[in-house]
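Me: Please take a close look at the charged side chains here. I am new to this structure, so explain each term as you use it.

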Amino acid sequence: MSLQFGFSMNAFREYSTVGAIEAVADAGYDGIELLFDQPFLYPPEATGEEYDEVRTALDANDLEISNCNAFMLTAIEDFHHPSFVEVDEDYRRRRVDYTLDSLDAAAELGCDKISIEPGGPIPEGKSREWATDTFVEGLNELAAKAEDVGVDVMVEPEPDLLIETSDQFLDLMDRVDSDRITCNFDAGHLFCVGEDPAELVETLAPYTRHYHLEDIPADRTHEHTQLGDGAMDIDGFLQAVEDSGYDGYVTVELYPYQETAAETAQGAMDYLRDHGWA
């Protein structure tokens, strides 16, 4: 098998940075998705000592960085606020500035990609057109920085946000003129909005730099669920990814399992091994 698997640190908010890295390594993963948020390395405030701590722990545990998550930001308010489409320009600016800092942080750690929120929730009273124009304005600023530091900005479609579907993502790409604006393909998110992730692998392959994987319940509720406990065709999806020639990381993202993070990471790896993927 050519696929490599990581596990996202966003399930490990109850752990220290080093503890999270050790737990993911102990579960048998080759990579870890760093969460650029408190209580971990938070780019606007990160110190040289924190960068050194991450590097040392990765080296000690023989782990690579599968991705840098600059989406799930709680240090300011919550996951989706501030977004790239806030009506208040100063508030919106905080998300853009955080993401610019995240590009620098990824470059500092030797990672060539970050994943970001797909715009955000469309504000009440504002049109999709206004929100898209506003998001594109922010992406154009990020693209200039991304090209300078050599780090991709991966937009991650998500239910109930500006960019939910594959078609909406492709329309967005028509609006952005930079090879550094790409896709973080979250299989569960696309399943939630009624799409078939396996069928979309080829469609989105020209833009996809990284994959997220979780299971989703049969009613397609946006609830990240342990692999094998939902209704997704995980094997079919992973086969499509492998058949596409992709040789990077698929990161398992199970952030709701805060109280059992280490066991959940191990359970997901057990599933992948049992099904012949790892």
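**Charged side chains**

Reply: Glu 64 is partly exposed, because its relative accessibility is 43%; buried means under 20% relative accessible area, exposed over 50%, and partly exposed in between (1.4 Å probe, protein chains only). The areas come from the Shrake-Rupley method with a 1.4 Å probe, and for residues only the protein chains shown count as cover. This is a predicted model, in which local features need pLDDT of at least 70 and side-chain atom pairs count only at pLDDT 80 or more, while totals for chains, interfaces and linings use all residues. Residues are numbered from 1 along each chain as its sequence is written, and side-chain values use heavy atoms, with hydrogens and water left out.

Glu 64 belongs to strand 3 (residues 64–69); helices (H or I, at least four residues) and strands (E, at least two) are DSSP runs, numbered from the N terminus. On the surface, Glu 64 joins Asp 30, Asp 59 and Asp 62 in a patch of negative charge. Patch residues have over 30% relative accessible area and no salt bridge; like charges are joined within 9 Å, and nonpolar side chains (Val, Leu, Ile, Met, Phe, Trp, Tyr) within 5 Å. Lys and Arg count as positive and Asp and Glu as negative, while His and the chain ends are not counted. A charge is placed at NZ of Lys, CZ of Arg, CG of Asp or CD of Glu.

Other charged side chains are paired. The structure holds eleven salt bridges, a salt bridge being a side-chain nitrogen of Lys or Arg within 4 Å of a carboxyl oxygen of Asp or Glu.

One of them links Asp 52 to Arg 55, with 2.9 Å between the closest N and O atoms. Both sit in helix 2 (residues 48–60), and because they are three residues apart, about one helical turn separates them. Asp 52 is partly exposed at 43%, and so is Arg 55 at 25%.

Another bridge joins Lys 145 and Asp 104, whose closest N and O atoms are 3.0 Å apart. Lys 145 is in helix 4 and Asp 104 in helix 3, so this pair ties together parts 41 residues apart in sequence.

In a third case, Arg 209 pairs with Asp 152 at 3.3 Å between the closest N and O atoms. Arg 209 lies in strand 7 (residues 208–213) and Asp 152 in strand 5 (residues 152–155), so parts 57 residues apart in sequence are tied together. Arg 209 is partly exposed at 33%, whereas Asp 152 is buried at 6%. Shared partners also join Asp 52, Arg 55 and Glu 108 into one network of salt bridges.
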